[in-house]
Structures are given as C-alpha cells and as structure tokens.
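Work through these exercises with the structure open beside you. Try each task before you read its solution.

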Amino acid sequence: MTVNWTTTARQSDMENFDESTLEELAAMISGDEAGMKRRGGWELAPFLRRAGWEDVPDHDGSPRHPWLLDLLRERKEDDAGDIERVVLRLADRREYQQQASEYIPVIERLQEVLALEGLRVDYRNGRPNLVEYDPDHPPRPQRVELKVTITDIVADPDLARAVQLRLDEAHTCQENGAYTSAVIMLGSLLEGVLVHAAEVRPAGTPLSKPLRAAGMQDLVQHAHVNGWIDQDAKMASELLRTYRNLVHPLAEKRAKHSADFDTADLCWSTVNAVLNDLAASRV
C-alpha cells in the first residue's frame, strides 16, 4: 500500500480551510465540544498568543465560541499563517502539561477534522507539524524506538530478567490484539524500573514520600526533577499512567474509552523514551 503524503503541507491548504473547520477549531479551543479541554474567557487570548498570534484582543465577555470564530475568520482572510499556528498549538503536548489525560481526546478529534482537509498532524522531535496525507490511507505515527537493553538500565540481573519478561509479554499482547493488557503490562514495567532507579541512584532532590508509598506520578516526577528523564518523557508517562488505570473496568466506563492499537502504540513510545532517557542518564 502506498501512502501519499509529504513532510510539509502546502501553504494554500492552510489558507483554504473550510468554514466548518474553523467552527470546529473554535469549539476545540473554547472547550465547547464534548471531551475537549475547557478554557475560560480569560484563557483564550493567552492561548492565541502562545500559538504565536500578535495583537490579540482580550476576550470581551461575549460567548466564547462566536468570539473565537470571528477571530479565526479574520486571520484566515489575512493569510498570515495564523490558522496553522492555532492548529499546531492545539496539538502541542506542552499545552496539556497539567492535564496530560486531556491531550488524547483533543488530538484524536483534531486529526478527524484535519483529515477532511487532506491534512494531518505529525511529530518531529516531539513538536507538531502539519503534513499532507491521503485520507483513505492515513500513516501511523512513528514509534520511538528502544535504543538500549534492559541491562543498560537495571544492574540487578534478576530484576532485569523480570523486566525483560514483561516487555516480551507486552509485545505478545500487542501482537494478538490484547491492547488493554499490553498497556497494563507496560505501566507495570515502567513503574518497576522507576522504583529501581529511585532505590539505587543518588538523587539531588529526594522523593517526596517514602518509596513504599510512592505511586507512578511520584516516581515520574522524581525521575524528572533529578534529570533522569526529560520533559517529553515525563508528560508522556502521565498519559501512560492514565491508561494503565483502565485496569479497573469502572475507570474505563467513566473514561468512555478503551485501549486500541494506537493507544498501546503510544504507550510503547512512552516506555521506550523513558528507558532511553534512563540509560543515557545512568552514571
């Protein structure tokens, strides 16, 4: 199967966004669309400024969605690339640092809307880009590859064997369509490796609570503040933690989302990125 896509979308594609696409973008920015991160009126202008817009007026207290839609229409007419900047900011993981679990529904909906324009968000070095693609054959995001072995990270041979076994079992689950099981296995693996790092590595900043009481969120934060993993790996780990909690059926019911291939693939990238970082920061 041939996928017809380029690394950069044509500028004319951004200038010709359909009116319905602008309406969807306004709904996603404001959070009026179900499942989207909600932004209050006072948050709208700062969002647009973070997207790179200049001369943005503060919200005037009117209904948020129409106010945003009017601005998007004006900027589209100016052909200044501001619509593209808004799309890329919506897709930027840095916009969801405090609410990492809100990133997935936003990017999934954004990809659906962009597909109708013949576009898609792709990531290079952790940053979003707009690319062209064939809507009938969308490319899958490139997975972060594991560049190290478990023994590069875990010195204890018995623990290294246990971690490798879980990694292998997660592969088996993924290959056989057991995506929730794969995610749970990956979350367990990651938590075990982070516990080991907290036990054996010297830390400039101590763990915020006793190790036996620390959860994955505590362990991820501990690894990040001590420079063992980078910011992208930290944010992605928050997403993995959210999906790992779907081991509880009630949590899955409340989330209204079940793990699928893309969910598990994203979690693989997260685990691989954290393991790569831990190996690189090992002393």
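## Exercise 1: One unusual loop residue

Task: Decide whether Asp55 is buried, partly exposed or exposed.

Solution: Asp55 has a relative accessibility of 74%. Buried means under 20% relative accessible area, exposed over 50%, and partly exposed in between, with a 1.4 Å probe and protein chains only. Therefore Asp55 counts as exposed. Next, place Asp55: the residue sits in the loop between helix 3 (41-50) and helix 4. Then check its backbone. Asp55 is not a glycine, yet its phi is positive, at about 55 degrees. Most residues other than glycine have a negative phi.

Keep the source in mind: this is a predicted model, in which local features need pLDDT of at least 70 and side-chain atom pairs count only at pLDDT 80 or more, while totals for chains, interfaces and linings use all residues. Residues are numbered from 1 along each chain as its sequence is written, and side-chain values use heavy atoms, leaving out hydrogens and water.

## Exercise 2: The whole chain

Task: How many helices and strands does the protein chain have, and in what pattern?

Solution: Count first. The protein chain has twelve helices and two strands. Helices (H or I, at least four residues) and strands (E, at least two) are DSSP runs, numbered from the N terminus. Now read along the sequence: the pattern is α-α-α-α-α-α-β-β-α-α-α-α-α-α. Of the 283 residues, 46% count as buried. Finally, take the contacts with a separation of 6 or more: residues 24 or more positions apart account for 64% of them. Contact means heavy atoms within 4.5 Å.

## Exercise 3: Helix 2 and helix 4

Task: Find how helix 2 crosses helix 4, and which residues make the contact.

Solution: Start with the axes. Those of helix 2 (residues 19-30) and helix 4 (residues 64-78) come within 9 Å and cross at roughly 130 degrees. So helix 2 is oblique to helix 4. Angles under 35 degrees count as roughly parallel, over 145 as roughly antiparallel, 65 to 115 as roughly perpendicular and the rest as oblique. The crossing is right-handed. Now list the contact residues. Helix 2 gives Glu19, Leu22, Glu23, Leu25, Ala26, Ala27, Ile29 and Ser30. Helix 4 gives Arg64, His65, Leu68, Leu69, Leu72, Arg73 and Lys76. Sort them by class: eight are nonpolar, two polar and five charged. Here Ala, Val, Leu, Ile, Met, Phe, Trp, Tyr, Cys and Pro count as nonpolar, Asp, Glu, Lys and Arg as charged, and the others, Gly among them, as polar.

## Exercise 4: Helix 8 and helix 10

Task: Describe how helix 8 packs against helix 10.

Solution: Helix 8 (residues 179-200) and helix 10 (residues 231-244) pack at about 125 degrees, with their axes 9 Å apart. That angle makes helix 8 oblique to helix 10. Helix 8 supplies Val183, Ile184, Leu186, Gly187, Leu190 and Glu191 to the contact. Helix 10 supplies Ser237, Leu240, Tyr243 and Arg244. By class, six are nonpolar, two polar and two charged.

## Exercise 5: Two residues to place

Task: Where do Asp152 and Gln111 lie, and what do they touch?

Solution: Asp152 lies in the loop between strand 2 (127-132) and helix 7 (157-175). At 33% relative accessibility, Asp152 is partly exposed. Leaving out residues up to four places away in sequence, Asp152 touches Ala279 and Arg282. Gln111 belongs to helix 6 (residues 103-115). With a relative accessible area of 13%, Gln111 is buried. Leaving out residues up to four places away in sequence, Gln111 touches Arg120 and Val121.

How values were computed: Axes fitted to C-alpha atoms, helices over the stretch in contact; angles between N-to-C directions. Left-handed = near helix turned anticlockwise from the far one by under 90°.
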